[in-house]
Structures are given as structure tokens and as C-alpha cells.
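Me: I am new to this structure and would like a close look at a single part of it, with its surroundings explained step by step.

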Amino acid sequence: MKNTFLDKLLHRIDRVGSDDLQNYLQQLAREKGFLETVFNTLQEGIVVIDPEGRILYLNHAVEDLLGLPGEEALQQPISRYLRGIPWASLLAEKQILNRDLEVTYPLRRQLNLSCVPLDASDHGQGRPRKGPPAGGFVLIFRDLTLAREETRETIESEKLGALTLLAAGVAHELGNPLNSLNIHLQLLERDLRRLDAFKSPATKESWQVLQSEIARLDTIIANFLRAVRPTSPQLKPENLNALLEESVAFLKPEIDDRDMLVEIDLDPGAPALLIDRDQIKQAFYNLIKNGVQAMRTGGILRIVSERDDTHLILSFIDNGSGISPDRITRIFEPYYTTKASGTGLGLLIVRRIVRDHGGEMQIESHEGRGTTVRILLPLPERRVRLLTAGSPDGGAPASDIQAKK
């Protein structure tokens with residue numbers, strides 16, 4: 001650095017008395033403390049390494065982003081904590097690096113890393129360098145996780161917008177002809193009964209097939225519209241435990257037919273929530289049916305409710321075949337399904353309903369061991385909780401972060 005206080009002091013060190021030198025050292029200490037404070041308030045993680053790649057300095061943000069052990073990381077090689085980067089060639093050739101990273105510890109995050117030689121600041125400045133090059137590098141880490149998530153949600157919103165336009169066209173092009181078919185089918189039924197045509201088993205069977213297929217087409221169109229068309233929930237206080245038990249009872253014939261067991265473990269003290277009864281029951285139907293269809297004969301579906309500070313958490317846990325990692329990232333895509341007869345709209349509908357209620361969905365799956373789907377619905381007394389100065393971690397817990405969304 002040129003023309004700094006330290007630079008001026010070094011030029012006149014031989015003319016400085018002991019008392020003045022002590023004052024200058026105190027001023028340097030204050031400047032050092034000020035700069036450390038500034039670096040530790042930055043959201044970006046900062047690491048300074050020497051020409052051999054050993055860590056000379058790191059701020060608090062990078063300790064959180066990479067899980068570095070604070071002062072214990074000093075003088076340790078950066079390659080010990082950040083693998084997958086060709087540090088040897090980068091250090092030897094003094095390269096400038098910019099790349100995106102994904103880290104899984106201490107949290108899964110997407111980061112951008114900029115690596116710049118410390119003596120690159122004078123390149124292209126047209127000024128002669130004083131003394132030997134400083135050497136070493138400064139590494140800057142930026143957390144892109146939230147930005148990437150917002151981008152993903154924007155893309156998803158645009159996809160749903162396009163689907164909404166498509167849904168309007170589908171409803172117009174298929175809905176009217178389907179209604180016409182249904183009306184003429186009823187007229188045909190009246191004529192056939194007058195002629196006693198239903199005495200023929202073949203005629204009656206064909207008629208039932210026509211009715212069934214028209215009803216199936218109507219259901220497909222209705223599900224498609226429900227998946228993409230935003231509908232405002234009609235919120236009323238409801239008991240979630242009662243709705244879950246009603247949903248299981250409604251699907252009991254299908255569950256019994258598959259020789260499966262549903263275990264219910266509900267929080268008896270769960271408060272009533274402001275929800276749309278019909279929409280939430282529709283979400284429960286989809287999740288229960290998904291769990292049952294994912295298991296073989298004799299499978300067990302567990303439904304558990306519990307509370308944290310801000311949410312009521314409903315877990316649907318099956319011991320079915322699970323979902324592979326490459327498929328679980330796509331399960332909310334429209335028309336993507338892992339079932340031979342699925343429409344690929346069920347989970348999309350469930351997530352829309354849950355989000356319309358201010359909640360969120362979480363899915364965990366282990367291939368060959370089963371899947372857990374969690375619905376987090378906000379409690380009526382939910383508040384953003386401020387942590388006290390004595391908080392052990394100094395940060396907001398996951399439930400508080402979700403409450404702020």
C-alpha cells in the first residue's frame with residue numbers, strides 16, 4: 001500500500017523519538033482493530049493466503065460459510081479445507097480464478113469464489129513497484145444460495161404462468177366438447193332404456209365404459225386446472241387432527257384392499273389452524289395415496305404431527321421403495337411422475353395448497369427405504385422471535401427463518 005500512515009512512518013523512523021514511536025504504535029493498533037472490525041462485518045468471506053497457500057487471515061463470515069475452525073486454521077494449507085481446486089498450478093502461475101462451488105458443510109450452500117494475487121492490484125496501473133512483490137492471494141467467497149433459490153422460484157413461477165395460459169386453452173377446447181358428449185350420452189341412455197337395450201350385457205358394458213372414460217377425462221381436466229389456476233383459500237379455524245382422521249377413513253377401503261397399515265400419532269394439544277378445509281383435505285388425500293401406492297403389500301404408512309415454536313409439522317412416512325437422488329429433484333415438475341399411471345400433478349397441487357396457506361413442504365427419501373413428506377403450517381400465534389444476547393449460536397433457528405419468508 002502506498003502513502004499510508006505506516007509508509008510515512010517507515011520513511012522517517014530514524015527521526016522519531018521513543019515517546020512518539022509509542023504513540024505511532026498505538027495509532028497503528030487502532031487502525032488494525034478498525035480494519036479487522038470492518039472485515040468481520042462483511043457478508044462475504046475473506047481469506048488471505050501466502051505464496052505457499054497457507055492461511056494468513058480469515059474473517060468471521062468465511063468461518064460460517066466453510067466451517068473453518070477460526071484461529072486454528074491459521075498457517076494451515078487452504079487445500080486442507082477447500083479441495084477440488086488446482087492450488088499448485090494456481091499459486092505457481094499467480095492465476096486469477098473465478099468459479100462457483102457447492103459446499104455441504106456446515107450447511108449445503110452454493111458459493112462463488114474469486115481468487116486474486118495480492119500483487120495484481122498494481123497491474124495496469126502504470127506505476128513502478130517499490131520493493132519485492134507482496135505475493136500471496138486474497139480469496140473472496142460470496143453466498144449465492146438465496147439468489148439461486150430466488151432465480152429457481154422465478155423460473156418456476158414463469159413455468160406456472162405459461163401453464164395457466166395453456167390451461168385456459170385446454171378448458172375451452174376440451175371442456176365444451178366434453179360437456180356436449182356428456183349431455184348426448186344422457187339422452188342416448190334414455191333412448192336405450194326405452195328400447196330395453198340394457199338387457200344385453202355387451203351393450204350395458206360398453207355404456208359403462210363410455211361413462212367411465214368421460215368421467216376420467218373430466219377429472220384429468222379438473223386436476224390440471226386446479227394445479228395451475230391460483231385459488232384463494234377460504235380460511236376458517238379447523239382441527240387438523242380431525243381432518244387427518246377423516247382423510248384416512250375416506251381412503252380406508254383402498255388401504256385395506258392393498259393390505260396395508262396406517263399408524264397415526266397426532267399431537268393431542270395441537271391448536272386449531274386457519275385453513276381451507278376442502279383444500280387441505282385434498283392435499284392429505286394426495287399424500288396418503290402417494291404413500292400407499294409407493295409401498296408393497298403389507299407396508300406401513302405413519303402419519304405424525306408435532307409442533308415447534310412457529311409451525312405445526314405433519315409428517316407422512318412410508319417404508320416404500322423411495323426415490324432416487326436424480327428423480328427427487330424433479331418431483332415438483334408438472335407431468336413428471338415415477339408411477340406408471342400417474343399424472344405428475346399431485347405433488348404440484350399439494351405444494352400450491354400448502355404455500356397458499358403460508359406453509360412449506362419438505363421431502364426426504366432414501367432409495368429402498370422409503371420417503372418422508374413434511375408439511376409445515378404456521379401456527380396462529382406465530383411471531384418472529386428475537387434471540388437474546390446470550391443465545392448460544394447467535395443466529396436465527398430454521399423455524400424463525402421460515403417464519404420471516
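Reply: In this predicted model, a good place to begin is the polar contact of 3.3 Å that joins the side chains of S114 and R142. S114 itself sits in strand β4, which covers residues 109–117, and because its relative accessible area is 10%, under the 20% limit, S114 counts as buried. Apart from its neighbours within four places in sequence, S114 is in contact with L97, N98, V138, L139, I140 and R142, so that R142, its partner in the polar contact, also appears in this list of contacts.

For another view of a buried setting, one can turn to strand β12, residues 370–378, where 8 of the 9 residues are buried, so the strand is largely enclosed by the rest of the structure. Strand β10, residues 311–318, runs antiparallel to β12 and is joined to it by 8 bridges, with S315 having R374 in β12 as its bridge partner. Strand β11, residues 360–366, also pairs with β12 in the antiparallel sense, over 7 bridges, and here S365 has T371 as its bridge partner in β12. The strands β11 and β12 form a hairpin with 3 residues between them, and in its turn G368 has a positive phi of about 90 degrees.

The surface offers a contrasting picture: F34, L35, V38, F39 and L42 form a nonpolar patch there, with about 430 Å² of accessible area together. One of these residues, L42, lies in the loop between α2 (18–41) and β1 (45–49), and L42 counts as partly exposed because its relative accessibility is 33%.

Key:
Residues numbered from 1 in each chain as written. Predicted model: local features only at pLDDT ≥ 70, side-chain atom pairs only at ≥ 80, totals over all residues. Heavy atoms only, no water. Patch = residues over 30% accessible without salt bridge, like charges linked within 9 Å, V, L, I, M, F, W, Y side chains within 5 Å. Areas by Shrake-Rupley, 256 points an atom, 1.4 Å probe, with all protein chains shown as cover. Salt bridge = Lys/Arg side-chain N within 4 Å of Asp/Glu carboxyl O. Helix = DSSP H or I, 4+ residues; strand = E, 2+ residues; numbered from the N terminus. Buried < 20%, exposed > 50% of the residue type's maximum accessible area, 1.4 Å probe, protein only. Polar contact = N/O pair within 3.5 Å; in protein donor to acceptor, adjacent residues only side chain to side chain. Contact = heavy atoms within 4.5 Å. Pairing = 2+ DSSP bridges.
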